[in-house]
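Colleague: I am new to this structure and would like a close look at a single part of it. Could you choose one helix and take me through what holds along its length, step by step?

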Amino acid sequence: MKKLFWFIIGTAVGVYAVTRLKKKAQVLAPESLQATAEKLASAIRHFGDEVREGMAEREGELREALGIDTATNEQREDFR
């Protein structure tokens with residue numbers, strides 16, 4: 001009876017280990033790595049776009065607060 005119990009436990013552990021290894025192998029497969037790299041590149045591109053948009057918005061706020069746009073336009077008109 002003990003041998004049957006340990007045989008069943010060993011079989012269950014073996015099936016579990018093989019299943020886990022197959023999942024890990026699929027994650028490390030070249031197609032999966034390429035898909036992960038594409039997702040990462042897309043996320044980095046999106047982050048860069050958001051940063052540029054925020055920088056432009058903040059620059060506009062600073063220019064407005066400091067009056068740079070109006071001073072620059074007035075100076076340009078004076079030179080004409």
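Modeller: A term is needed before we start: a residue is called buried when its relative accessible area is under 20%, exposed when that area is over 50%, and partly exposed in between. With that in hand, please keep in mind that this is a predicted model, in which the protein chain has a mean pLDDT of 85 and 86% of its residues reach 70 or more. The part I would choose is helix α2, residues 30-66, where confidence is highest, at 91, whereas helix α3, residues 68-79, has the lowest confidence, at a mean of 61. Where pLDDT is low, the predicted coordinates should not be read in detail, and I will therefore leave helix α3 aside.

Helix α2 is made of 37 residues, and the distance from its first C-alpha to its last is 53 Å, which is close to the 54 Å expected at 1.5 Å a residue. Just after this helix comes G67, which takes a positive phi of about 75°.

Turning to the side chains, the structure holds three salt bridges. Side chains of opposite charge can pair when their charged atoms come close. One of the salt bridges joins D49 to R52, with 2.8 Å between the closest N and O atoms. These two residues lie three apart in helix α2, so about one helical turn separates D49 from R52. As for its surroundings, D49 has a relative accessible area of 43% and is partly exposed.

Another salt bridge links R58 with E61, and here the closest N and O atoms are 3.2 Å apart. R58 and E61 are likewise three residues apart in helix α2, which means that about one helical turn lies between them. R58 counts as partly exposed because its relative accessibility is 46%, and E61, with a relative accessibility of 39%, falls into the partly exposed class as well.

There is also a salt bridge between E59 and R63, whose closest N and O atoms are 3.3 Å apart. In this pair the spacing along helix α2 is four residues, and E59 and R63 are again separated by about one helical turn. E59 is partly exposed at 40% relative accessibility, and R63 is partly exposed at 31%.

Methods
Residues numbered from 1 in each chain as written. Predicted model: local features only at pLDDT ≥ 70, side-chain atom pairs only at ≥ 80, totals over all residues. Heavy atoms only, no water. pLDDT = per-residue confidence, 0-100. Expected span 1.5 Å × (residues − 1). Salt bridge = Lys/Arg side-chain N within 4 Å of Asp/Glu carboxyl O. Buried < 20%, exposed > 50% of the residue type's maximum accessible area, 1.4 Å probe, protein only.
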